[in-house]
Amino acid sequence: MTRAAARGGGPEQKEPAELAVLRGWLRGRKTAAVVAAAAEGRRASFEYLAERASSAGARYVVSACTLRQALDRRLPLPTLRTTVAFARATSADEATARRLWEAADRAVNPPRKRPAPHVPGRFTTRAGLVRAMNRIRDTAPDTTLRTLARLAGPGLCASTLSRLLAGKQFPTTAQLTAFAAACQAGDEATAALLAGHRRVLNGPPPPPFYPCAVVELAEERRQRDEAARPWLNQPELDWYDQQRRDEEEAAFRHWAREAEALLDELGDDAEQHTGPGAPATGPGGGPGSPGGTEGVLAGRLRAALGS
């Protein structure tokens, strides 16, 4: 029974072979450091290794506890910094340390299996464009904004990409192309994304035209006019009633012309009798008397009005 099982932790889990090789190499380097420590009159403890690593520069500073945990099988993979510092403290080859650590890292943390690239469907709105961009990002090899911005190039920084994916900024064609390339979307997905982008820019398509649309528009306009002008709703007259109305209107126009002519004649006659040098006549036969010219014209006007 192992020490972990004796503590109640159950059977010890088997770690990947690459990680076991890395830990074995680190133990071998610690054993090899015994000779160097003995030459200095010291013991090759983890404290001694931490001092040697820290003396090589700030990038190799590491604690003795961290170096000890790198050899503990109950703990996960040590960091690359710890592995390199261990190699530096034991005068080992740092390139070998990096190579062993990268192999162990791939075994412990295998790369995420990328789903099939998403090909957007047809969309015509800004919200649809934002959804398509986020779906494409979800199928990218690396979905972090920093990595996508780095792969997209200088025209698309992480903050701009964040606003585009949140729908707070509308992308240009160049930004959309760079985003698709950073996500490794492929030609088909990129073409669908750009086609939808053009549809959003051009706006919704016009309604389809068909012959009945002209009739429907005319009927709609007629109904609107009738609602605005109620007098248009009067029923049409038959030929007899229409003829009578036309005759009445003609008679009225004739009467109006005669009345206007009589009034003009009356006004002219009044001016002739009331002008300078006109004789002042009395009530019996002057212009102002009932039997004068004004009275005659007024009678003719009353007769016309009566007819």
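This report walks through the helices, salt bridges and buried residues of one protein model.

**Overall picture**

The model is a predicted one, so please read every value below as computed from predicted coordinates. The protein has 14 helices and zero strands. Read from the N terminus, its elements run α-α-α-α-α-α-α-α-α-α-α-α-α-α. Of its 307 residues, 29% count as buried. The accessible surface comes to about 20,300 Å², and carbon and sulfur atoms hold 56% of that area. As for contacts between residues at least 6 apart in sequence, 57% of them link residues at least 24 apart.

**Salt bridges**

Side chains of opposite charge can pair when their charged atoms come close. In this structure there are five salt bridges. Three of them are set out here, with the distance between N and O atoms.

| Acidic residue | Basic residue | N to O distance |
|---|---|---|
| Glutamate 15 | Arginine 23 | 3.2 Å |
| Glutamate 47 | Arginine 68 | 3.6 Å |
| Glutamate 94 | Arginine 88 | 3.6 Å |

Let us take the pairs in turn. Glutamate 15 and arginine 23 join through their side chains, and both residues are buried.

Next comes the salt bridge of glutamate 47 with arginine 68. Glutamate 47 belongs to helix 3 (residues 46-54) and arginine 68 to helix 4 (residues 64-69), so this pair ties together parts that are 21 residues apart in sequence. Glutamate 47 has a relative accessibility of 42% and therefore counts as partly exposed. Arginine 68, at 39%, also counts as partly exposed.

Is each partner in the pair of glutamate 94 and arginine 88 buried or partly exposed? Glutamate 94 has 17% relative accessibility, which is under the 20% limit, so glutamate 94 counts as buried. Arginine 88, at 39%, counts as partly exposed. Salt bridges with shared partners also link Glu15, Arg23 and Arg73 into one network.

**Helix 2 against helix 3**

Two packed helices are described by the angle between their axes and the distance between the axes. For helix 2 (residues 17-39) and helix 3, the axes come within 11 Å and cross at roughly 80°. This crossing angle falls in the range of 65 to 115 degrees, so helix 2 is roughly perpendicular to helix 3. On the helix 2 side, the contact is made by Lys30, Ala33, Ala36 and Ala37, which meet Phe46, Tyr48, Leu49 and Arg52 of helix 3. Sorted by class, this contact holds six nonpolar, no polar and two charged residues.

**Threonine 83 in helix 5**

Threonine 83 sits in helix 5 (residues 80-89). How buried or exposed is threonine 83? Its relative accessible area is 0%, so threonine 83 is buried. Leaving aside residues up to four places away in sequence, threonine 83 touches Leu22, Leu26, Pro78, Ala97 and Trp101.

**Helix 8 and its neighbours**

Thr147, Leu148, Ala149 and Ala152 are buried in helix 8 (residues 145-152). Which helices do the buried residues of helix 8 pack against? They pack against helix 7 (126-138), helix 9 (158-165) and helix 10 (173-182). Just after helix 8 comes glycine 153, which has a positive phi of about 105°.

Notes
Residues are numbered from 1 along each chain as its sequence is written. This is a predicted model: local features need pLDDT of at least 70, side-chain atom pairs count only at pLDDT 80 or more; totals for chains, interfaces and linings use all residues. Side-chain values use heavy atoms; hydrogens and water are left out. A salt bridge is a side-chain nitrogen of Lys or Arg within 4 Å of a carboxyl oxygen of Asp or Glu. Buried means under 20% relative accessible area, exposed over 50%, partly exposed in between (1.4 Å probe, protein chains only). Helices (H or I, at least four residues) and strands (E, at least two) are DSSP runs, numbered from the N terminus. Contact means heavy atoms within 4.5 Å. Accessible areas come from the Shrake-Rupley method with a 1.4 Å probe; for residues, only the protein chains shown count as cover. Axes are lines fitted to C-alpha atoms, for helices over the stretch in contact, and angles run from 0 to 180 degrees between N-to-C directions. Angles under 35 degrees count as roughly parallel, over 145 as roughly antiparallel, 65 to 115 as roughly perpendicular and the rest as oblique. Ala, Val, Leu, Ile, Met, Phe, Trp, Tyr, Cys and Pro count as nonpolar, Asp, Glu, Lys and Arg as charged, and the others, Gly among them, as polar.
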